[in-house]
Amino acid sequence: MGSKRKSTVKKNKRLKKLKKTVYEEPEELKRAPHSFVIHRGQIGKSLLQLVKDFRKVMEPFTASSLQVYKKNTIKDFVALAGPMHVSHLCVFTSSETGINFRIARLPQGPTMTFKLHNYALSKDVVSSLRKQMVNPKLFRHAPLIVMNNFTGEGLHISLMATMFQNMFPTINITKVNLNDIKRCVLMNYNPETKMIEFRHYAIKTVPVGLSKGVKKIVQSKVPDLSNFNDIDEFLLKPELLSDSEVEENPSSNVIVPQKLVSRGNIVGTQSSIRLSELGPRLTLQLIKVEEGLMTGDVMFHEFVKKPDEAQEKIPETLDDDAQEKIKIENPEKKNKKQ
């Protein structure tokens, strides 16, 4: 009996130690929007890689290594969403008509269905650049979302803007640390074509007013002096601007308000903001908006229009007697048609 009691006491102590060592997320991280990015049905290698690329965009508040099996259903992911503070579900599906991309607000909706007209993977985008800026440290913090032209008639446009904004954490301008803003997501809506252009960039700040040679020394890069007799020749040599360096124009210059980790950027001086595309690229078109989670009343559909209710209404300008005659005649006309 004594040995059993000792063993139970030891187990309780171990459990208490484990409870103490369990990491609890701060409230700010719990309130931040989390996401699941999955695929359903049979898809090819290219679309599977796109799912992984989109997970990189949503990092760090997404399940990067989430395993999706054929037997899994949407209900399974919804059941996991509550304990893991997941607020959005992104689903890629492929069919004979094309590729669809769904975004659902958990747990009750709404759900937006987009048609994916074309896309480019991250590896293809980065390989096409002359200067590549891919660093794992870029994905430690959530990206900044920049939205353009999401204005106009129709409730679906404001719903789109709200859905996209709520997928990323909000930023407090007075408390934000500029060192944490390393990426941005740009979404541009074209009201004529009804297409949404999705782009993903890395952000870099570079000091302004310095030659290329001085920048290398300031940023602690070891220059190649093998072709020069003196360091003055290296520092004073004329610059040949490349395509990426043409981005340095007065409109991209800002005054640094905080101390930045990158070298050469001093508080109170001007620095230039450079963007380097990370991918993927997406071209989307909103097809349908459902009120619930993958089901419910259709609030908007691009190809199915509701009947004009104005024609069915009785004109208010008619007299009471005329309105009563119309009410009597309408059921008679319906019976004749039947």
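E302 has a relative accessibility of 14% in this predicted model, and because buried means under 20% relative accessible area, the residue counts as buried. Its side chain nevertheless has a charged partner, for E302 and K194 meet in a salt bridge in which N and O lie 3.0 Å apart. The pair ties together parts that are 108 residues apart in sequence, because K194 sits in the loop between β6 (183-190) and β7 (195-207), while E302 belongs to the loop between β11 (298-301) and α9 (309-312). On its side of the contact, K194 is partly exposed, with a relative accessible area of 34%, so the salt bridge joins a partly exposed lysine to a buried glutamate.

A similar reading can be made for another pair. E59 forms a salt bridge with K56, and here the closest N and O atoms are 3.8 Å apart. With a relative accessibility of 13%, E59 counts as buried, whereas K56, whose relative accessible area is 35%, is partly exposed.

A further glutamate to look at is E290, which counts as buried at 7% relative accessibility. Its salt-bridge partner is K288, and the closest N and O atoms of these two residues are 3.9 Å apart, a distance that qualifies because the cut-off for a salt bridge is within 4 Å.

To place these contacts in the whole, a search of the entire structure finds 5 salt bridges, among them the pairs K194 and E302, E59 and K56, and E290 and K288.

Conventions
Residues are numbered from 1 along each chain as its sequence is written. This is a predicted model: local features need pLDDT of at least 70, side-chain atom pairs count only at pLDDT 80 or more; totals for chains, interfaces and linings use all residues. Side-chain values use heavy atoms; hydrogens and water are left out. Buried means under 20% relative accessible area, exposed over 50%, partly exposed in between (1.4 Å probe, protein chains only). Helices (H or I, at least four residues) and strands (E, at least two) are DSSP runs, numbered from the N terminus.
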